[in-house]
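Work through the exercises below with the sequence and the 3D view side by side. Try each task before reading its solution.

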Amino acid sequence: MAQFNVAEAKARLSELVQKAVAGEEVIIAKDNRPLLKLVPMAAPGRRRKPGTAKGRLWMAADFDRTPKDFAEYI
């Protein structure tokens, strides 16, 4: 784990970004206290495809019917 103060990180930002992308943990500190961790962003997931849950879900026949004991709330 490499730790750099803000001023040093500012001067070496390109190098620190390369280290983080390579998987190394880069900590940026202020007054020698860890302040943040520089990490690469996660790769975007696969695009969602409509219909992939078809046949896996069901709805009760009375799904949108108001229960009788809720009549006083309407």
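**Exercise 1. The far end of the chain**

Leu57 lies in the segment after E3. The model is predicted. Task: decide whether Leu57 is buried, partly exposed or exposed, and find how far its C-alpha atom is from that of Val21.

Solution.
- Step 1. Take the relative accessible area of Leu57, which is 70%.
- Step 2. Compare with the cut-off: exposed means over 50%. Leu57 is therefore exposed.
- Step 3. Turn to the pair. Leu57 and Val21 are 36 residues apart along the chain. Their C-alpha atoms are separated by 40 Å.

**Exercise 2. Two faces of a strand**

Task: sort the residues of E1 into a covered and an uncovered face, then find which residue of E2 is the bridge partner of Asn5.

Solution.
- Step 1. Recall the general pattern: side chains in a regular strand alternate between the two faces of the sheet.
- Step 2. Apply the pattern. Ala2 and Phe4 make the covered face of E1. Gln3 and Asn5 make the uncovered one.
- Step 3. Look at the neighbouring strand. E1 pairs with E2 in the parallel sense, over four bridges.
- Step 4. Pick out the partner. Asn5 is bridged to Ala29 in E2.

**Exercise 3. The core**

Task: list the residues of the largest nonpolar core and say which elements each supply at least two of them.

Solution.
- Step 1. Start from a general tendency: in soluble globular proteins, nonpolar side chains tend to be buried together.
- Step 2. Collect the members. The largest nonpolar core has seven residues: Ala2, Phe4, Ala9, Leu16, Ala20, Val26 and Ile28.
- Step 3. Assign them. At least two core residues come from each of strand E1 (2-5), helix H2 (13-21) and strand E2 (26-30).
- Step 4. Zoom in on Leu16. Leaving aside residues up to four places away in sequence, Leu16 touches Phe4, Ala9, Val26 and Leu38.

**Exercise 4. Salt bridges**

Task: how many salt bridges does the whole structure hold, and which residues do shared partners join into one network?

Solution.
- Step 1. Count. The search finds five salt bridges.
- Step 2. Take Arg12 and Glu8. Their side chains meet at 2.7 Å, N to O. Arg12 is partly exposed, at 27% relative accessible area. Glu8 is also partly exposed, at 34%.
- Step 3. Move to Glu15 and Lys19. Their closest N and O atoms are 3.8 Å apart. The cut-off is 4 Å, so the pair counts as a salt bridge. Because they sit four residues apart in helix H2, about one helical turn separates them.
- Step 4. Check the link between Lys37 and Glu25, with N to O at 3.7 Å. This pair joins distant parts of the chain: Lys37 is in strand E3, and Glu25 is in the loop between H2 and E2, twelve residues apart.
- Step 5. Assemble the network. Salt bridges with shared partners join Glu8, Arg12, Glu15, Lys19 and Glu24.

**Exercise 5. A nonpolar patch**

Task: which residues make the nonpolar surface patch of about 260 Å², and why can Leu36 belong to a patch?

Solution.
- Step 1. Name the residues. The patch is made by Val6, Leu35 and Leu36.
- Step 2. Place Leu36. This residue is in strand E3 (residues 33-38).
- Step 3. Test its accessibility. Patch residues need over 30% relative accessible area. Leu36 has 42%, so it passes this cut-off. Leu36 counts as partly exposed.

Conventions
Residues numbered from 1 in each chain as written. Predicted model: local features only at pLDDT ≥ 70, side-chain atom pairs only at ≥ 80, totals over all residues. Heavy atoms only, no water. Patch = residues over 30% accessible without salt bridge, like charges linked within 9 Å, V, L, I, M, F, W, Y side chains within 5 Å. Areas by Shrake-Rupley, 256 points an atom, 1.4 Å probe, with all protein chains shown as cover. Buried < 20%, exposed > 50% of the residue type's maximum accessible area, 1.4 Å probe, protein only. Core = buried A, V, L, I, M, F, W, Y, C linked by side-chain atoms within 4.5 Å. Contact = heavy atoms within 4.5 Å. Pairing = 2+ DSSP bridges.
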